[in-house]
Amino acid sequence: MNDTPLLDLSGLTKAYPGVVANDGVSLRIAPGEVHALLGENGAGKSTLVKMIYGLVKPDAGKMQMHGAGFAPAEPRAARAAGVGMVFQHFSLFDALTVAENIALGMEDAPKLRALSQRIREVSDTYGLPLSPDRVVGDLSAGERQRVEIIRCLLQDPKLLIMDEPTSVLTPQEVEILFKTLRKLSAEGTAILYISHKLEEIRALCDSATILRLGKVVGHCTPSETSARDMAEMMVGTVLKTPTRAGKTPGDVVLALTGLSAKSPSAFGMPLRDINVEVRAGEVLGIGGVAGNGQDELLAALSGETLSAPGMIAFQGRDIGVLGPTPRRAMGILTAPEERLGHAAAPDMSLTENAMLTGAARENLDRGGMLDWGAARAFAERIISTFDVRTPGPGNAARSLSGGNLQKFVIGREVLQRPDLLVVNQPTWGVDASAAAAIRQALLDLAENGAAIIAISQDLDELMEISDRFAALNEGRLSPTRPAQGLTVDEIGMMMGGAHGMEVAHV
Amino acid sequence: MIRLEKRPQPSRAFSLATPLLAVLATMVFGGLMFALLGKDPVTSIITIFWQPLFGEFAFYYRPQLLIKGAPLVLIAIGLSLGFKAGIWNIGAEGQYIMGALFGAGVGLAFYPLDSFIVFPLMVMGGAFGGWIWAMIPAMLKVKFGTNEILVSLMLVYVAEQFLASMSLGLMKNPEGFGFPGSRNLQQYESAFNADLIEGSGMHWGVVAALIAVIFAYVLLTKHRLGFAIRVTGEAPRAARFSGVNPTRLVLFCLGTSGLLAGLAGLFEVAGPAGQVTIDFNVGYGFTAIIVAFLGRLHPVGILLAGGLMALTYIGGDIAQSQLGLPAAAIQVFQGMLLFFLLAFDLLTNYRLRFGRTEVA
């Protein structure tokens, strides 16, 4: 690494009404360096990269690129200066081909034929096989990410920003991505890598900057620092690891026999012949890459989609044709992944959102008439038990931060004493200490005899809380394996391997 | 540079102030329009808003307010339930006509029987007529996924053809010297929806409208079904997740709005209108859509909005006859009211920011 940094940020400050998102943040990245940006949700990582990418203007501080002033007014200027960014959420049109999607994002797009040629070259060079003629709607999440990466690489970036790139990948796909990134780094492209996943950062990154509440609280060399130390720097306190007592599982609570169901949405994944049993007191962890039937499985269990008789048995009763309300009354509670709009109504108050699923079991519905006083008390109980940060239950769900709303949504179901709790991405976007609290709540439920199905894309989380593990791939569920002693490789194979990717020809 | 920024929470103050701001803005810009037409804006506005209530002939206009306001409120209450859930019944006009035809049909069938039972049966007939007409788009929607907006709207024109056919054929007054139109129900005591207090304009339709307001208020604030309606409108997936059955909700909302529109038609044909004629319907079913939104889909708001709308109708008529304002200008004036309401409504969920732009 030479002495002039590629990017030099000093004293960057950005305030929003009521919150200082970045407070005097300084950061240097050398050419070819893989630099990790670490921090909890709300620590200011997104604001910082948005400033580098020209989406947000800093209130104070300056940025330098190659020793010269750098103040992109808009993403176009940042791209021209050699900054590329791969967002966590893809901005692709399902109905268009790969080449058409990439052409749409370019300033002076060449003819499609020439562009397709260049896409092939770049994908060959970096081991990201991708046919330019395929329709994006048919691609897996990993392949979609490749489209975004290739889109950036075509601009020949000096700095590539990647926001949580591995959340949609299998371990094998992650390994391939890392090979590509290392190759880029060896060619002198610097990479600013944002992630929660500390083991990944330890494997990939040369250095790390840790943000907390908008300030830089530390630097470290990830390969020489333990994941636990990094996590504690992020949170600022000592972390508690969820604990559990050993136990023997009880009776079968839920039995799925050949469960198949069409997906309600056009680009969704149908469920195909799922067979599994869950017993009282155990946690079944279900992994898998996003979009392989997780939402559909939750919907089939919650009663949002009905299934043929004989496929779902709860405590011995056939419940496939029952809707959500009778299932809740029996003790099957669920928490979907999408918080706003699915698990909660964004513009409604927390009291109303407590009513949303609490009506039957919390006795809030008396012969059709709703008891709003009791609903409010229930909402207050969730808020205090799960430490939801909000002025009160009268506030709209959308006014809560993602992590706080997640605590509310999980708390709402946990407090209703489920016999079977199904959660999808229970700690997605939640800070480390709150995530630990949610996992502990799930384990406590299991301890008290409930059966838990935890669907998640966070393998570390699943390994931490599951007794048994299975993976969803293309709507099929793998046979379950005891979670203890499973290796990352084995899990990856259960998740469907590398989905046809190959390792970069380095 | 002005830009809109989403509020973290809907503003309660603005949600209450919006209708008032809209009325004020309509007065200002409507006055401007009247001025451009060469009329004195102040006089015009006073004529429209003041004369019917407190002017010299208010004793005549006040009952008219109830007569015009009641069907608007009754229909709008029904529509608002569906609108809140994102179920769009645009065909209340047709349901209103069918309610009148079924109700009047029952009454005419009993003619000249003198019994207290006739009017209640007519009310049931009217309710059934509106309900069944609304169940056509409802069933098509839940069975085949058709768009209820198009189907309900087109059924208005079918209902109008029925109306013409009935007044020229089956329901034509046999003692009417060949004129189109049914017997006059005002002259058939058992069927006549008379003023409950002579000369007050207070007929059964007004009572029904008030009951509907209370019913809707209790339903929306206290009952499971009203909660299901609100959640469905706010977040359909969350509603499904909470256990709302969308099919039943479509049937309930379209059915109820049709039923109330049918009742409005029956009370009109048996009362103020008196007979089934080709031009029986005057657009209450469409104006009620405006009333529902003007009242912010809230039962009490709709009650006030219905009154306001009736006021602009009657005031507009007075302005036409006294000041010679063109009818089109009055319609533009009413249109302005809806336009400003929707425009100001934005401020409930967004606030204006003045200053330099920034992409967030």
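This report covers the contact between chains A and B and one helix of chain A in a predicted model.

**Interface of chain B and chain A**

The contact draws on 36 residues of chain A and 26 residues of chain B. Together the two chains bury about 2,700 Å², and carbon and sulfur atoms account for 54% of that area. On the chain B side, the residues that lose the most area to chain A are B:Phe227, B:Arg237 and B:Phe241, which together make up 27% of what that side buries.

Two kinds of polar pairing cross the interface. The rule finds 2 salt bridges between the chains. One of the ion pairs joins A:Asp365 to B:Arg224, with 2.9 Å between the closest N and O atoms. Residue pairs in polar contact, with both residues at pLDDT 80 or more, number 10.

Three helices of chain B each supply at least two residues of the side that touches chain A. They are listed below with their residue ranges.

| Helix of chain B | Residues |
|---|---|
| α8 | 204-222 |
| α9 | 224-234 |
| α10 | 236-242 |

By class, the side of chain B that touches chain A has 10 charged, 10 nonpolar and 6 polar residues.

**Helix α1 of chain A**

Helix α1 of chain A spans residues 45-52, and because 6 of its 8 residues are buried, the helix is largely enclosed by the rest of the structure. Those buried residues are A:Lys45, A:Thr47, A:Leu48, A:Val49, A:Met51 and A:Ile52. After α1(A) comes A:Gly54, which has a positive phi near 80°.

Technical notes: Residues numbered from 1 in each chain as written. Chains lettered and ligands numbered in written order. Predicted model: local features only at pLDDT ≥ 70, side-chain atom pairs only at ≥ 80, totals over all residues. Heavy atoms only, no water. Contact = heavy atoms within 4.5 Å. Buried area = accessible area lost by both parts, 1.4 Å probe. Salt bridge = Lys/Arg side-chain N within 4 Å of Asp/Glu carboxyl O. Polar contact = N/O pair within 3.5 Å; in protein donor to acceptor, adjacent residues only side chain to side chain. Helix = DSSP H or I, 4+ residues; strand = E, 2+ residues; numbered from the N terminus. Nonpolar A, V, L, I, M, F, W, Y, C, P; charged D, E, K, R; others polar. Buried < 20%, exposed > 50% of the residue type's maximum accessible area, 1.4 Å probe, protein only.
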